[in-house]
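Me: Could you take one part of this protein and walk me through it closely? I have the sequence and the model open, so feel free to point at things.

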Amino acid sequence: MEKVKLVKKIDDLGRITIPIHIRKDMGLDVNGDVEFYYDEEDKMFGVKSASLKNQAQIKIDDLISLAKEFEPKRVEEIALLLNEVQKIFCASDKV
């Protein structure tokens with residue numbers, strides 16, 4: 001594993017730009033979801049492409065929020081269906 005050390009500036013919004021060659025190597029897409037990990041003891045953080053399971057959960061949460069807004073009487077029914085979809089994504093994420 002080749003280690004790369006870079007010094008980057010943090011902008012006013014707290015953003016750090018990840019160079020394109022590193023994004024490609026990590027499989028990070030523009031507007032894609034990423035997971036951040038922070039080690040409080042070592043004061044270090046890491047980034048990786050979000051798993052299919054986590055991406056599915058984010059979308060399910062978004063859909064449940066929309067259901068609450070537009071179909072409040074059917075939220076429980078919609079949530080149950082979305083949980084079934086999540087189980088399918090979780091099963092495929094293990095493959």
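The part I'd like to hear about is the strand pairing, with its surroundings after that. How many bridges join strand β1 to strand β2, and do they run parallel or antiparallel? And how are the rings of Phe 36 and Phe 45 placed?

Reply: Happy to. One thing up front: this is a predicted model, so read everything below as computed from predicted coordinates.

Let's place the strands before zooming in. The protein has three helices and two strands, and going along the sequence they come in the order α-β-β-α-α. So the pair you're asking about sits after one helix and before the other two, as that pattern shows.

Now the pairing itself. β1 covers residues 34-39 and β2 covers residues 44-49; the two run antiparallel, and six bridges join them. If you want a register mark to look for on screen, find Glu 35, which has Lys 48 of β2 standing opposite. Together β1 and β2 make a hairpin, with four residues between the strands. Have a look at Lys 43 in that turn too: its phi is positive, at about 55°.

On to the rings. Searching the whole structure turns up one aromatic pair. Its members are Phe 36 and Phe 45, with ring centres 6.3 Å apart and planes at 40°, so the pair counts as tilted. To see how that label comes about: an angle under 30 degrees would be stacked and one over 60 would be edge-to-face, so 40° falls into the remaining class. The centre distance passes as well, because the limit for pairing is 6.5 Å and these centres are 6.3 Å apart. As for cover, both Phe 36 and Phe 45 are exposed.

That exposure is worth setting beside the figures for the whole chain. Buried residues account for 15% of the 95 in the protein. The protein exposes about 8,500 Å², and 56% of this comes from carbon and sulfur atoms. As for contacts between residues at least 6 apart in sequence, 19% of them link residues at least 24 apart.

Stepping away from the hairpin, start on the N-terminal side. Lys 8 is in the segment that precedes α1 (20-26). Lys 8 has a relative accessibility of 41%, so it is classed as partly exposed. Beyond neighbours within four places in sequence, Lys 8 touches Ile 16, Thr 17 and Pro 19. For Pro 19, which is eleven residues along the chain from Lys 8, the C-alpha to C-alpha separation is 9.8 Å.

The structure has two salt bridges. One of them links Asp 11 with Arg 15, with 2.7 Å between the closest N and O atoms. Asp 11 is partly exposed at 30% relative accessibility, whereas Arg 15, at 51%, counts as exposed. That last value clears the line, because exposed means over 50%.

The other salt bridge takes you past the hairpin, to the loop between α2 (52-70) and α3 (75-93), where Arg 74 is found. The side chain of Arg 74 meets that of Glu 77 in this bridge, at 3.0 Å from N to O. The two side chains are also listed as making a polar contact, again at 3.0 Å. Both partners are partly exposed: Arg 74 has a relative accessibility of 40%, and Glu 77 has a relative accessible area of 39%.

Methods:
Residues numbered from 1 in each chain as written. Predicted model: local features only at pLDDT ≥ 70, side-chain atom pairs only at ≥ 80, totals over all residues. Heavy atoms only, no water. Phe/Tyr/Trp six-rings, centres within 6.5 Å; stacked < 30°, edge-to-face > 60°. Buried < 20%, exposed > 50% of the residue type's maximum accessible area, 1.4 Å probe, protein only. Contact = heavy atoms within 4.5 Å. Areas by Shrake-Rupley, 256 points an atom, 1.4 Å probe, with all protein chains shown as cover. Pairing = 2+ DSSP bridges. Polar contact = N/O pair within 3.5 Å; in protein donor to acceptor, adjacent residues only side chain to side chain. Salt bridge = Lys/Arg side-chain N within 4 Å of Asp/Glu carboxyl O.
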